[in-house]
Amino acid sequence: MAKTASKPGYRCAECGWRTTKWVGRCGECQAWGTVDEEGARGVSVVQAGATTAPALPIGQVKAEVAAARTTGVAELDRVLGGGLVPGAVVLLAGEPGIGKSTLLLEAAARIAERETVLYVTGEESAAQVRLRADRIGAIQDRLYLAAETELSALVAHVDKVQPTMLVVDSVQTVGSAQATGVPGGVTQVREVAANLVRLAKERNMATVLVGHVTKEGSIAGPRTLEHLVDVVLNFEGDRHSRLRMVRAIKNRFGPTDEVGCFDLHERGIEGITDPSGLFVSRRSEPVPGTCVAVTVEGTRPLPAEVQALVARTDAQQPRRTSSGLDTYRVQMILAVLERRLNARLGGCDVFTATVGGIKLADPAVDLSIMLAVASAAGDKPLPAGLVALGEVGLAGELRPVKDVRRRLSEAARMGFKRALVPAGSLEEGGRRRNGQRALVPVGPVAFAPGFEVVQAENVWDALTHVT
């Protein structure tokens with residue numbers, strides 16, 4: 001019987017989906033232009049080759065070589081886990097005009113005070129970057145600048161300058177003659193990123209890549225780009241506000257739940273060491289539809305205000321709009337309000353938002369959302385100086401959340417007087433009084449004088465307390 005030649009296979013660069021014939025759109029993730037030929041099937045035998053270094057017992061490996069070095073920007077160091085690790089590759093992504101180049105130029109200038117840094121720009125000319133450096137005061141003798149869009153030219157600059165840190169702004173603008181397609185395409189981005197990662201590891205050179213984002217907010221290019229790098233940072237913020245936040249999505253050298261806060265202004269960008277008051281409105285009298293929660297970003301508790309507006313409508317389908325909050329989470333809380341507290345929201349538009357442009361995904365914000373909506377629906381303000389913490393369950397119960405004491409300590413420091421938390425959140429409370437369900441006030445001993453903590457078992461108890 002004659003042997004038939006094996007057919008080539010095709011694989012999606014985004015999700016790994018395989019097919020026997022080429023298609024323009026992936027059948028799994030529905031991405032366009034990501035299916036490429038992966039060659040004929042079969043496994044080839046690889047012969048042993050030369051090694052770069054002998055294998056050592058793990059106890060003999062020097063960990064000092066991978067010690068993080070500060071960037072000179074405290075808020076950026078917080079997100080990175082202490083600073084930049086030599087040989088690490090960091091991907092910084094964000095919307096156009098959000099301040100990525102300004103932040104990296106500021107950090108590069110700080111590092112250039114003691115080390116050699118190479119800044120390669122593919123989106124602007126060298127003169128344009130120099131103007132920004134003059135404006136923010138980022139002129140250093142060890143900060144080298146080059147405007148290149150070809151990978152081979154970029155490597156030549158690295159060979160000549162021998163930097164300890166490389167910044168590429170952006171990876172989508174650099175192309176390689178060894179890959180097909182135009183710069184920014186899937187094949188080009190994968191080829192350029194793989195070569196830059198190899199270059200960083202070989203020379204033990206910290207590398208920061210700037211990445212574009214799509215209109216959906218995800219990082220542009222193949223998904224393998226995020227797998228290749230060591231750290232993925234997301235630069236967030238409202239373009240109409242000066243507040244900017246850097247959040248770690250992936251970090252091989254530190255936590256992924258830290259957030260750095262920055263103030264972007266005409267003279268550059270500055271870190272905000274104490275952002276506690278940025279997400280809370282200051283007003284003399286309580287307003288219906290507002291409630292304050294305390295979220296935790298990494299090790300930093302942040303008081304954040306939730307606002308709600310409930311308005312009657314004649315539309316058959318009332319609107320449910322959220323800004324800075326999880327829309328599906330808000331809809332669940334509205335359903336609990338209608339079912340467990342007999343709230344009539346079917347003929348009303350409900351709008352919910354956060355103050356200061358912060359995005360809240362912490363379950364501890366559930367109780368604040370519920371109280372804000374209930375306050376707006378009844379047009380009655382909540383008591384002044386109140387913070388509310390707790391996760392709301394579908395049965396109407398309140399579930400404890402982590403780091404309650406740290407959250408309450410921050411609330412007391414910010415001048416709040418009362419806190420509403422789920423039963424069992426503190427060691428002193430959460431018990432039944434005389435065998436009956438009751439609100440158990442906890443004394444202010446563990447916090448500040450005059451700070452009262454009340455614990456509730458369910459949403460009905462919580463609403464009874466505030467009304």
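**Note on the predicted model: cysteines, fold and surface**

1. Cys 291 is buried, at 3% relative accessible area (buried is under 20%, exposed over 50%, partly exposed in between; 1.4 Å probe, protein chains only). Cys 348 is buried too, at 5%.

2. The structure holds 0 disulfides (a disulfide being a pair of cysteine sulfur atoms within 2.5 Å). Cys 291 is in none; its nearest cysteine sulfur belongs to Cys 348, 20 Å away. Why does Cys 348 lack a bond? Its closest cysteine sulfur, in Cys 291, is 20 Å off, and that is too far.

3. This is a predicted model: local features need pLDDT of at least 70, side-chain atom pairs count only at pLDDT 80 or more, and totals for chains, interfaces and linings use all residues. Residues are numbered from 1 along each chain as its sequence is written, and side-chain values use heavy atoms, with hydrogens and water left out.

4. The protein has 10 helices and 22 strands (DSSP runs: H or I of at least four residues for helices, E of at least two for strands, numbered from the N terminus). Its C-alpha atoms fill a box of roughly 80 × 70 × 55 Å along the principal axes.

5. Of the 467 residues, 46% are buried. Take contacts (heavy atoms within 4.5 Å) between residues at least 6 apart in sequence: 66% join residues at least 24 apart.

6. The exposed area is about 23,600 Å², with 51% supplied by carbon and sulfur atoms (Shrake-Rupley method, 1.4 Å probe; for residues, only the protein chains shown count as cover).
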